[in-house]
Amino acid sequence: MSKLQDNLNALPTDSLRGIRRGVEKEGLRVQPTGGLALTPHPKALGSALTHPLITTDYSESQLELITGAHLGVQQCMDELTEVHQFVHHTLKDSGGELLWASSMPCGLPTDETIPLARYGGSNVGRAKSVYRMGLGHRYGRRMQTISGIHYNWSLPGVSSEQYFSLIRNFRRHAFVLLYLFGASPALCPCFVQGREHRLQQLSASALYLPHATSLRMGRLGYQSDAQATLAVSYNGLQGYANSLHEALTKPYPAYEQVGVRNPGGDYNQLGTSLLQIENEFYGTIRPKRTVRTGERPLHALRERGVEYVEVRLMDIDPFVPVGITAPTMRLLDVFLLHCLLSDSPPDTPEEIAELKQNQHLTAERGREPDLLLQRQGQAVALTQWGDEVLAACEPLAAALDATHGCTDYSAALREARALMQAPERTPSARVLDTMVREHASSFESFAFHQSELARDTLLDLPWTAEQQARYLAMSEESIAAQKAIEAADTLPFEAWREQYMAVEGLG
């Protein structure tokens with residue numbers, strides 16, 4: 001604890017005031033009947049390729065709403081809320097679609113019917129769609145319809161080495177966040193049709209695990225047997241970059257069989273290596289650097305170092321209109337600060353395997369009484385270890401409170417510590433309880449009801465003509481920007497693809 005306090009005291013004055021955070025929130029568009037919307041990305045929302053705040057993720061039906069990087073939690077919440085308001089007003093005016101309020105998807109059509117996201121006719125736009133086609137071939141389209149919340153976080157003056165130190169500790173203690181904020185203990189049976197699974201039947205319209213926190217982060221979620229062969233180390237930028245470099249350049253036999261193009265000449269994927277591009281690498285947290293036009297993310301990291309981290313394990317909270325609350329953001333700030341300032345020994349292959357097992361255990365059985373995790377080869381109770389981590393966060397919450405002249409950080413931490421001893425109050429437990437009590441144990445009925453509730457709450461908030469005009473102008477600017485990109489293309493797509501995928505571009 002004293003080492004942590006020393007590191008906290010050593011921070012430059014006012015650096016805590018410089019924490020920036022931003023949110024990327026995914027969510028499926030669904031029909032008024034509850035099934036996946038198969039309509040194109042609404043034109044009033046602008047160009048998914050160039051809009052700064054509204055894009056799509058895997059599917060044309062999967063919106064991604066993005067905030068800027070904010071110095072204040074409330075400013076971040078305000079922008080996230082405003083973007084949601086615009087989207088809901090737009091969906092209401094164009095056929096009454098909803099934004100799905102759960103991380104696990106709604107009723108899905110057959111795999112090949114799930115529409116891939118489209119970004120126009122430019123080379124960069126086509127590449128984004130081909131990449132998604134590749135993901136479909138590699139992992140199936142259903143897996144890609146899972147949605148979550150990414151939390152982007154930075155502190156001024158932090159070096160790449162320190163960010164990797166943070167990442168190692170985050171991976172060690174990620175189980176705390178899965179337990180506290182996991183909200184996907186059940187799913188629609190359509191999601192696992194034709195797949196092996198160990199889920200139990202809650203009803204004809206829901207499969208679940210009784211003590212699960214986040215099926216999204218378990219074996220059924222973003223997992224890949226191919227990527228399981230990747231032994232990525234987080235002991236520094238060079239080792240991490242080298243691991244990714246190999247995965248991006250070494251041919252992978254199963255994907256070579258798929259091929260870049262089919263016999264008719266249509267594209268199956270961008271390349272045949274283990275990863276098509278950097279974003280395909282799944283993880284609970286990523287080191288990130290803003291890329292320049294046409295630049296590969298790995299090149300940006302190697303050239304200019306880590307700029308911020310992207311936390312990727314947060315489920316959508318179905319009980320709140322925008323999927324995340326201000327107290328949750330504050331707890332994340334405290335937790336990430338703890339990861340940054342605590343001792344962080346190098347990871348080992350043995351520890352990496354242990355952490356993966358801990359993640360799966362927490363995702364699938366996290367609320368089980370007396371559940372044991374592994375810590376350096378020793379069994380330790382999840383709740384005991386979790387409370388130790390949160391107790392160590394107290395001076396950090398106090399420091400953030402002092403910086404911002406509030407008590408909000410300590411309050412968020414107090415609530416998290418209380419939840420450690422009250423699994424029945426966690427979001428995952430509340431999801432199951434509400435499903436059973438109010439929705440005849442139907443996952444779809446529960447999630448649809450929460451989606452309607454979120455929509456109604458957001459539509460009831462004040463919304464001015466000036467706000468509407470500002471967002472419509474942003475949409476029009478994004479459409480013009482997409483057209484400009486398309487007009488500026490000079491290379492045929494195949495030449496552009498070969499150039500973009502060239503090894504030299506990785507730095």
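**Group meeting talk: the fold and its cavities**

Hi everyone. Let me begin with overall size: a compact globule of 507 residues would have a radius of gyration near 23 Å, and this protein comes in at 22 Å, so the two agree. Please keep in mind that what you see is a predicted model.

If you turn the C-alpha trace onto its principal axes, it spans about 60 × 55 × 50 Å. The secondary structure comes to 16 helices and 12 strands. Of the 507 residues, 59% count as buried. On the outside, the protein exposes about 20,300 Å², and 52% of that is supplied by carbon and sulfur atoms.

Now for the contacts. Take pairs of residues at least 6 apart in sequence: 76% of the contacts between them join residues at least 24 apart.

Next, the empty space inside. Rolling a probe the size of a water molecule over the atoms shows where such space is left. How many cavities of 30 Å³ or more does the count give? There are three.

The largest cavity holds about 80 Å³ of space. Its lining is made up of 16 residues, and those nearest the centre are Lys25, Leu99, Ala101, Pro321 and Ala454. Two elements give two or more residues to this lining, namely helix H2, residues 73-93, and helix H14, residues 443-460. Which of the elements gives the most? That is H14, with three residues. Sorted by class, the lining of the largest cavity has nine nonpolar residues, four polar ones and three charged ones.

Moving on to the second largest cavity, we have about 60 Å³ of space. If you want to find this cavity on your screen, look for its lining: Ile149, Phe181, Met314, Asp315, Asp317, Gly323, Ile324, Thr325, Thr328 and Pro427. By class, that lining divides into five nonpolar, three polar and two charged residues.

I'd like to finish with a single residue, Leu355, which sits in helix H9, residues 349-365. Is Leu355 buried or exposed? Its relative accessible area is 11%, and since buried means under 20%, Leu355 is buried. Who are its partners from elsewhere in the chain? Setting aside neighbours within four places in sequence, Leu355 is in contact with Arg171 and Arg172. One last distance for your notes: Leu355 and Arg219 are 136 residues apart along the chain, and their C-alpha atoms are separated by 14 Å.

That's my tour, so thanks for listening!

Conventions
Residues are numbered from 1 along each chain as its sequence is written. This is a predicted model: local features need pLDDT of at least 70, side-chain atom pairs count only at pLDDT 80 or more; totals for chains, interfaces and linings use all residues. Side-chain values use heavy atoms; hydrogens and water are left out. On a 1 Å grid over the protein atoms alone, a cavity is a set of points where a 1.4 Å probe fits but cannot get out, and a pocket is an open set with protein on both sides within 12 Å along at least five of seven lines; lining residues have an atom within 4 Å of a point. Grid points are joined across faces, edges and corners, and a volume is the space filled by probe spheres set on the points. Helices (H or I, at least four residues) and strands (E, at least two) are DSSP runs, numbered from the N terminus. Ala, Val, Leu, Ile, Met, Phe, Trp, Tyr, Cys and Pro count as nonpolar, Asp, Glu, Lys and Arg as charged, and the others, Gly among them, as polar. The radius of gyration is taken over C-alpha atoms; the globule rule is 2.2 Å times the number of residues to the power 0.38. Buried means under 20% relative accessible area, exposed over 50%, partly exposed in between (1.4 Å probe, protein chains only). Contact means heavy atoms within 4.5 Å. Accessible areas come from the Shrake-Rupley method with a 1.4 Å probe; for residues, only the protein chains shown count as cover.
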